[in-house]
Amino acid sequence: GNVENGGVLPMLQRKARRIAWWINTDKPINLAADFCRGSVHDSAVPELVTNQLYDKFGYGHLAREFYSHNQVFAKRDLSPLVCELQRLVGNGKPAIVRKKMRVQANAWWGITPYWVDMVFVY
């Protein structure tokens, strides 16, 4: 889709308290980039993780699709999440992370701030 494939935005519109999100993508997590040190330049993000994930953290303007209005989480929260996913994959474990996330207001989608319990399955 050109807008959002994961169904996360409609769940956030409805203020779902718990969301398990299977991020179905052909873009593997890049283990060479170091998200754990926070040294990944913003412009490199599209080459390192799927647009289905990075657009929710304010990087949608970097995608070729129409994802610029999809930010619902703070930009600063992407690196720690991807760091956890990288560590799991690097240790031969499934890329599954559960985190409490602060949802940001998104007037475009009619989403208001609240806390959500997210499970990211990459």
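# A guided tour, stop by stop

Let us start at P94, which sits in the loop between α4 and β2 (96-103). The helix and strand labels are DSSP runs (H or I over at least four residues for helices, E over at least two for strands), numbered from the N terminus. This is a predicted model, so local features need pLDDT of at least 70 and side-chain atom pairs count only at pLDDT 80 or more, while totals for chains, interfaces and linings use all residues. Residues are numbered from 1 along each chain as its sequence is written, and side-chain values use heavy atoms, with hydrogens and water left out.

**Stop 1: P94 and L85**

Keep P94 selected and look at its surface: P94 counts as exposed because its relative accessibility is 57%. The cut-offs for that word are simple: buried means under 20% relative accessible area, exposed means over 50%, and partly exposed lies in between (1.4 Å probe, protein chains only). The areas themselves come from the Shrake-Rupley method with a 1.4 Å probe, and for residues only the protein chains shown count as cover. Now add L81 and draw a C-alpha to C-alpha distance: P94 and L81 are 14 Å apart in space and 13 residues apart in sequence.

Next, select L85 in helix α4. L85 has a relative accessible area of 1%, and is therefore buried. Add A95 to the selection: its C-alpha lies 5.1 Å from that of L85, with their positions ten residues apart in sequence.

**Stop 2: the disulfide**

How many disulfides does a search of the whole structure find? There is one, where a disulfide is a pair of cysteine sulfur atoms within 2.5 Å. Select C36 and C83, which are joined with an S to S distance of 2.0 Å. The link of C36 and C83 is right-handed, with 100 degrees about the S-S bond. It connects distant parts of the chain, 47 residues apart: C36 is in the loop between β1 and α2 (45-48), and C83 is in helix α4 (residues 78-90). Colour the two by accessibility and they separate: C36 is partly exposed because its relative accessibility is 32%, whereas C83 is buried because its relative accessible area is 7%.

**Stop 3: salt bridges**

The whole-structure search finds five salt bridges, each a side-chain nitrogen of Lys or Arg within 4 Å of a carboxyl oxygen of Asp or Glu. Here are some to visit.

- Select R37 and D34: their closest N and O atoms are 3.4 Å apart. R37 is exposed because its relative accessible area is 71%, while D34, at 27%, is partly exposed.
- Select K75 and D42: their side chains meet at 3.7 Å, N to O. K75 lies in the loop between α3 (51-54) and α4 and D42 in the loop between β1 and α2, so this pair ties together parts that are 33 residues apart in sequence. K75 is partly exposed, with a relative accessible area of 33%, and D42 counts as partly exposed at 34%.
- Select D55 and K56: their salt bridge has an N to O distance of 2.9 Å. Are these two residues buried or exposed? Both D55 and K56 are buried.

**Stop 4: a positive patch**

Select K15, R17, R18, K100 and R102, which gather in a patch of positive charge on the surface. Patches are made of residues with over 30% relative accessible area and no salt bridge; like charges are joined within 9 Å, and nonpolar side chains (Val, Leu, Ile, Met, Phe, Trp, Tyr) within 5 Å. Within the patch, zoom in on R18, found in strand β1 (residues 18-22). R18 counts as exposed because its relative accessibility is 67%.

Then move to K15, in the loop between α1 (8-13) and β1. K15 is partly exposed, with a relative accessible area of 31%. Check its backbone too: phi of K15 is near 60 degrees, a positive value in a residue other than glycine.

**Stop 5: two glutamates**

Select E47 in helix α2. E47 counts as exposed because its relative accessibility is 58%. Add A33, 14 residues away along the chain, and the C-alpha atoms of E47 and A33 are separated by 9.9 Å.

Finish at E4, in the segment before α1. E4 counts as buried because its relative accessibility is 18%. Add G38 for a last distance: the C-alpha atoms of E4 and G38 are separated by 26 Å, and the two are 34 residues apart along the chain.

Note on methods:
Lys and Arg count as positive and Asp and Glu as negative; His and the chain ends are not counted. The place of a charge is taken as NZ of Lys, CZ of Arg, CG of Asp or CD of Glu.
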